Amino acid sequence: MSKDKFYITTPLYYVNSSPHIGHSYTNIAADCLARYMRLNLGKENVRFLTGTDEHGQKIQKAADASGLSAQDFTDKIVVQFKELWSGLNVTYDDFIRTTEKRHVDFVQRSIQILFDKGDIAEGKYEGWYCTPCETFWLDAQVSDKACPDCKRALERISETNYFFKLSKYQEWLVKYIESEKDFIRPVSRYNEVLSFLKNNRLADLCISRPKQRLNWGIELPFSKDHVIYVWFDALLNYISAVGQFDERGKYTSKWWPASLHLMAKDILRQHAVYWPIMLKALDIQMPKTVFAHGWWMMGESKMSKSLGNVISPVEMAGKYGIDTFRYFLLRDMPFGLDGTFSEEALVKRFNSDLANDLGNLVYRTLTMAEKYFDSVVPAVSEKPKAREIQIREKLDGLPEVISLELCPETNYNFSACLERIWELIAMANKYVEEVKPWSLAKENKAEELKGFIRLLVDVIRGVALSLRPFMPQTAESILEQAGTDKINKGKPLFPRIDTKSADK
Ligand code: ME8
């Protein structure tokens, strides 16, 4: 794919229970980048894919517990994901479910290609299995019959299965990663994967499950007794959604290779080891970047469905507003690091960054334009003061600053972008205090007052334009109020939350 196209993906989330803040984080980040790229490259050159991972033992167990068939259960939960994304203004271009025919057919074709070329072979598996993680473990990796990752009880299994020859491609993968510095980001994760690959021999990957143990999955085209391992099925979505194989097994797509696969660090290994090897074996190009962000924590633990310590994004966005929620997630935790979620921290940011800084600047600017100029936006000053020139320089530089922060080299630093925008807001608010426009008015300094108000209007317009990918509703609302020659002041954007009475 050329540089003027952008294809971004999120993980396909398991539908074993409702989405939480962790899932909304990845999708809001992806949405922010997709919106940003649409503004820069044109809507038709951006593809944003999300969806749901619906096969496997974990889903089967959740369906059993709910008393529904697996299909009915997934049909029910998938609605919650779709509603959440529209409720958070997440503008995906395509939503793929791994139970859809387009995906099922594609997966069977892929696996047949790999089988025919000898990269998949039958073998015997004897060892441990962790159902919540859907992961096999060897005797040597296990103590106390507990999963080395999640510490929950393992099951002992012995069965005939099919194995994908990961080991055959290990050396190639090491060389590839070494030659492509942008392939895994951030750098800490790059180093982690590389050192794992250099210090461990990859075991071949068991890519089937006997139907007697699990039949909720895609059937192996060359064995009626097996379904395909959920990870092998799910990863292929990134290509099944955007292209197809021709009769000779050559893959073609308008969008592939992906520009960016987003996820958290929990599933980096699948994306940075299994996935490139699967693609290589299928003779398909590598994605440009695999980015693993950090975790939202609750105290000391990761927020997770299986730990049951989740906070509902629907509740947070409902209570504080969609853009407040988006702002908080993108601003509070640098992309790539972990962070602790707390409602208290969210309210604090609301009151300081949104009510005091942004909301205040917009409201006071529009109020002054209304009061002093009858809502008509005055002309730019012909004799700007040094401080005004400085503020304008900061304003004019914003797009460039943001473009430098939103790329793999700088780890898609949403937080830094917002920080830069807020520096401008702070400069403008401070300038209002310094200039004291009410005294300019009193002293009849009309020219100065005009230039001053025009500068502020330009600042809030520029802030709104820069905020479009991050806080789309807020940006639109500011532009509706201040975007044209005639000001159209609305209500304050972020009325302060009274924490004292909220406590009571
Ligand atoms: O792993 N903090 O699905 P999943 C930040 N189906 N992000 C979090 C998070 C947290 N506490 N918890 C979850 C799967 N996430 C597979 C993926 S892809 C082909 C198959 C987000 O439902 C984050 O993006 O467990 C993480 O990688 C993903 O949800 C895991 O979602």
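A disulfide is taken here as a pair of cysteine sulfur atoms within 2.5 Å. In this predicted model, the sulfur of Cys-417 lies 7.4 Å from the closest cysteine sulfur, that of Cys-32, and is therefore too far away for a bond. Cys-417 is also buried, its relative accessible area being 0%. The structure as a whole holds zero disulfides. Cys-133 is likewise in no disulfide, although the sulfur of Cys-130, its nearest cysteine sulfur, is 3.7 Å away. With a relative accessibility of 21%, Cys-133 counts as partly exposed, because the buried class is reserved for values under 20%.

We turn next to a small piece of β-structure. Strands of a sheet pair through backbone hydrogen bonds, in either a parallel or an antiparallel sense. Here, three strands make up an open sheet with antiparallel pairing, and their order is β9-β11-β10. The edges are formed by β9 (208-210) and β10 (219-220), each of which pairs on one side only. Three bridges join β9 to β11 (residues 223-228), again in the antiparallel sense. One residue pair can be picked out by eye: Pro-210 has His-226 of β11 as its bridge partner.

Among the helices, α13 and α16 offer a pleasing pair to inspect. Two packed helices are described by the angle between their axes and the distance between the axes. The axes of α13 (residues 386-405) and α16 (residues 446-467) come within 10 Å and cross at roughly 10°. This crossing makes α13 roughly parallel to α16, since angles under 35 degrees fall into that class. On the α13 side, the contact is made by Glu-388, Ile-391, Arg-392, Leu-395, Leu-398 and Ile-402. Their counterparts in α16 are Gly-451, Phe-452, Arg-454, Leu-455, Asp-458, Val-459, Gly-462 and Ser-466. Sorted by class, the α13 contact with α16 contains seven nonpolar, three polar and four charged residues. An α-helix has 3.6 residues a turn, so residues three or four places apart point the same way.

Helix α11 (residues 322-332) is mostly covered, with 10 of its 11 residues buried. The buried residues of α11 include the aromatic side chains of Phe-325, Tyr-327 and Phe-328. Ile-322, Leu-329 and Leu-330 are buried too, as are Thr-324, Asp-323, Arg-326 and Arg-331.

Finally, a few backbone details deserve a friendly second look. Most residues other than glycine have a negative phi, and most peptide bonds are trans. The bond from Arg-185 to Pro-186 is cis, with omega near -5°, and Pro-186 sits in the loop between β7 (184-185) and α6 (187-199). A cis peptide bond also leads from Trp-256 to Pro-257, where omega is near 5°. Pro-257 belongs to the loop that runs between β13 (251-253) and β14 (260-264).

Positive phi values occur at Lys-145, where phi is near 55°, and at Asn-444, where phi is near 60°. Lys-145 is found in the loop between β5 (135-137) and β6 (155-164). With a relative accessible area of 55%, Lys-145 is exposed. Asn-444 lies in the loop between α15 (437-442) and α16. Asn-444 is exposed as well, its relative accessible area being 67%.

How values were computed
Residues numbered from 1 in each chain as written. Predicted model: local features only at pLDDT ≥ 70, side-chain atom pairs only at ≥ 80, totals over all residues. Heavy atoms only, no water. Pairing = 2+ DSSP bridges. Helix = DSSP H or I, 4+ residues; strand = E, 2+ residues; numbered from the N terminus. Axes fitted to C-alpha atoms, helices over the stretch in contact; angles between N-to-C directions. Parallel < 35°, antiparallel > 145°, perpendicular 65-115°, else oblique. Contact = heavy atoms within 4.5 Å. Nonpolar A, V, L, I, M, F, W, Y, C, P; charged D, E, K, R; others polar. Buried < 20%, exposed > 50% of the residue type's maximum accessible area, 1.4 Å probe, protein only.
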